[in-house]
Amino acid sequence: MKISADEVRKVAGLARLRFSEEEIPQLAAELDRILTYVDKLSELDTDGVEPTTHAVPRVNAFREDEVTESLPREKALANAPADNGASFVVPRVI
Amino acid sequence: MNISDLTMVSARGLLDRGEVSSVELTRAFLDRIGAVEERVRAYITVDRDAALAQAAAADRRIAEGNAGPLTGIPISLKDVLCTEGMQTTAGSRILEGFVPPYDATVTARLKEAGAVILGKAAMDEFAMGSSSETCAFGAPRNPWDLERICGGSSGGSAAAVAACECLASIGSDTGGSIRQPASHCGIVGLKPTYGRVSRFGLLAYASSLDQLGPMTRDVADCALLLSVMSGHDPRDSTSVDEPVPDYGAALGRGVKGMRIGLPAEYFSAGLDPEVEEIVRRAAARLEEAGAELVEVSLPHTDYAVAAYYIIAPAEASSNLSRYDGVRFGFRAADPADLLELYLESRSQGFGAEVKRRIMIGTYALSAGYYDAYYLKGLKVRTLVARDFTNAFEKCDILLSPVAPTPAWKIGEKISDPLSMYLSDILTIPANLAGVPGISVPAGLTAAGLPVGVQLQAPHFREQDLIACARAVEETAGMAGRLPELD
């Protein structure tokens with residue numbers, strides 16, 4: 001197995017996801033199949049190959065540092081599950 | 001007026017000559033939606049009143065002599081593009097009821113050109129899928145056979161165009177999500193070069209692969225829509241500041257002297273014999289029309305899916321972290337604390353496939369696995385991109401199937417994620433390399449299912465795709481062919 005049930009729980013925590021104990025074995029099996037398939041990449045020798053993060057050659061995109069209009073507060077808050085008219089509201093943190 | 005005979009180009013003529021008003025045209029499409037939508041389920045949202053108001057405004061603009069290229073033309077948008085004032089869900093419960101406070105750049109450009117937006121098309125949740133079955137609001141059906149998938153992830157867009165529920169649609173393509181459903185539904189779908197079209201306001205799946213493109217009845221409409229969508233946008237730093245050619249001018253260019261490469265790896269084992277026959281016949285017809293066929297090789301094709309299923313989920317795991325139940329979207333009821341709010345909102349809001357890809361991506365990026373998975377994937381991406389550079393030294397266009405098989409039955413692959421992933425083997429490489437690709441209808445199988453031909457070109461050579469696709473269209477006898485839904 002490439003990924004254990006414990007690792008699935010750990011990764012879920014990092015991803016801020018929660019799975020029931022019944023879901024974990026099946027998820028682990030699915031992830032294992034995918035990771036085993038993906039492992040075929042190790043057949044390729046990539047020593048000295050540069051990684052590609054951007055497919056089309058580009059240099060930095062600069063723009064003038066000018067103040068422009070931003071989203072008005074009421075529009076930014078319009079989709080909030082909870083707000084107080086000025087901020088997003090979440091359960092008390094401290 | 002029979003809306004099944006119309007294209008955007010022909011509708012433009014009718015509108016400009018005053019033979020039909022945009023309100024009449026829009027009403028005809030809304031009636032059609034009313035008649036077939038229960039069977040096709042192509043839309044998540046249809047906004048009748050907003051569409052008719054836009055149509056009335058379009059009629060005024062036409063009367064004033066100020067018509068833009070799309071003024072009065074009814075279209076749909078994949079529900080992944082932000083539309084100010086109209087719900088945008090990305091096919092996910094986590095965004096149910098989300099009404100964007102702004103338009104995506106592409107939405108704004110289409111509105112400026114005068115398009116009437118009928119509604120938002122169904123899609124795989126967050127564009128993650130190849131069949132549109134992961135859509136949280138019901139899977140759209142293939143209008144050619146309602147028991148079959150319409151492809152994905154832009155399946156609702158393809159089904160809506162094929163079922164005549166709009167004149168055209170906009171899709172997004174991260175690993176084939178425009179081209180594959182276009183092939184399965186018998187329409188034209190083009191994924192532009194990465195950076196050709198702004199991604200601002202496109203709900204991100206994998207930012208280095210995502211690209212928006214037209215899904216249309218024919219190649220001329222595709223050229224028209226691409227011209228409207230393309231161009232630099234300061235709000236997307238990856239959009240490219242290159243001049244936009246007149247894509248319509250390429251339509252009559254023909255293929256004489258064009259070198260068309262047939263990549264051996266795209267015709268390998270696992271390819272459905274009927275699909276192969278239709279695609280090879282299309283190639284032979286281009287040769288008769290004056291093109292030169294050459295054998296080429298893209299030796300790393302077989303590794304593209306593996307690289308994609310590291311890179312795309314890795315980017316997705318980062319992009320989708322914004323759905324946390326705080327600023328927009330679904331929030332779970334009565335969370336005990338902030339961590340519970342995150343965990344429960346995300347776990348209840350996302351569907352199974354989205355969670356699976358977030359998990360793969362988080363794993364591939366986590367400490368100890370980054371080099372083995374993510375960095376390795378990026379290096380193989382380089383090898384896949386080099387294959388294209390090498391192949392394009394020998395040819396101008398690559399011709400191949402879009403998908404190894406015609407549309408499969410609903411439910412057939414949904415419980416086997418890996419077999420679903422592998423069905424995208426012929427479309428994923430273009431996203432990794434950033435090259436443009438188009439699917440154009442080339443024939444029907446014995447069972448009456450459409451099969452598309454895929455054409456791929458070097459970066460920013462969309463005009464060559466248009467020229468070649470038009471030649472396929474002219475010789476394949478599929479132009480204007482629509483499914484018999486009635």
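The following conversation introduces a predicted model with chains A and B.

Me: What kind of model is this, and how are its parts labelled?
Reply: Residues are numbered from 1 along each chain as its sequence is written, while chains are lettered from A and ligands numbered from 1 in the order in which they are written. The model is predicted, so local features need pLDDT of at least 70 and side-chain atom pairs count only at pLDDT 80 or more, whereas totals for chains, interfaces and linings use all residues.

Me: What is the mean pLDDT of chain B?
Reply: The mean is 97, and 100% of the residues of chain B reach 70 or more; pLDDT is the predictor's confidence in each residue, from 0 to 100. For the complex, the predictor gives an ipTM of 0.97 and a pTM of 0.97.

Me: How many residues of chain B are in contact with chain A?
Reply: In chain B, 54 residues are in contact with 39 residues of chain A (two residues are in contact if their C-beta atoms, placed from the backbone, lie within 7 Å).

Me: Which helix of chain B supplies the largest share of that side?
Reply: H12(B) does, with ten residues. Helices (H or I, at least four residues) and strands (E, at least two) are DSSP runs, numbered from the N terminus.

Me: And by class, what is on that side of chain B?
Reply: The side that touches chain A has 31 nonpolar, 13 polar and ten charged residues. Here Ala, Val, Leu, Ile, Met, Phe, Trp, Tyr, Cys and Pro count as nonpolar, Asp, Glu, Lys and Arg as charged, and the others, Gly among them, as polar.

Me: At what angle do H2(A) and H9(B) pack?
Reply: Helix H2 (residues 23-38) of chain A packs with H9(B) at an angle of about 125°, and their axes are 9 Å apart. Axes are lines fitted to C-alpha atoms, for helices over the stretch in contact, and angles run from 0 to 180 degrees between N-to-C directions. The two helices are therefore oblique to each other (under 35 degrees counts as roughly parallel, over 145 as roughly antiparallel, 65 to 115 as roughly perpendicular and the rest as oblique).

Me: Which residues meet there?
Reply: Ile34(A), Tyr37(A) and Val38(A) meet Ala306(B), Tyr309(B) and Ile310(B). That contact has six nonpolar, no polar and no charged residues.

Me: What about H9(B) and H12(B): at what angle do they pack?
Reply: Their angle is about 130°, with axes 9 Å apart. That makes H9(B) oblique to H12(B). Among the residues of H9(B) in this contact are Tyr303(B) and Ile310(B), and those of H12(B) include Tyr373(B) and Arg381(B).

Me: Changing topic, is H7(B) enclosed or open, and why?
Reply: Helix H7 (residues 219-229) of chain B is largely enclosed by the rest of the structure, because ten of its eleven residues are buried. A residue is buried if 20 or more other C-beta atoms lie within 10 Å of its own, exposed if 12 or fewer, and partly exposed in between, with C-beta atoms placed from the backbone. Asp221(B) is one of the buried residues. Just after H7(B), Gly231(B) takes a positive phi of about 125°.

Me: Which residue has a positive phi of about 65° although it is not a glycine?
Reply: Ser132(B) has that phi, and this residue is in the loop between E3 and H5 of chain B. Ser132(B) is buried, with 34 other C-beta atoms within 10 Å.

Me: And is Asp334(B) buried or exposed?
Reply: Asp334(B) is exposed, with 9 other C-beta atoms within 10 Å. Its positive phi is about 45°, and its place is in the loop between H9 and H10 of chain B.
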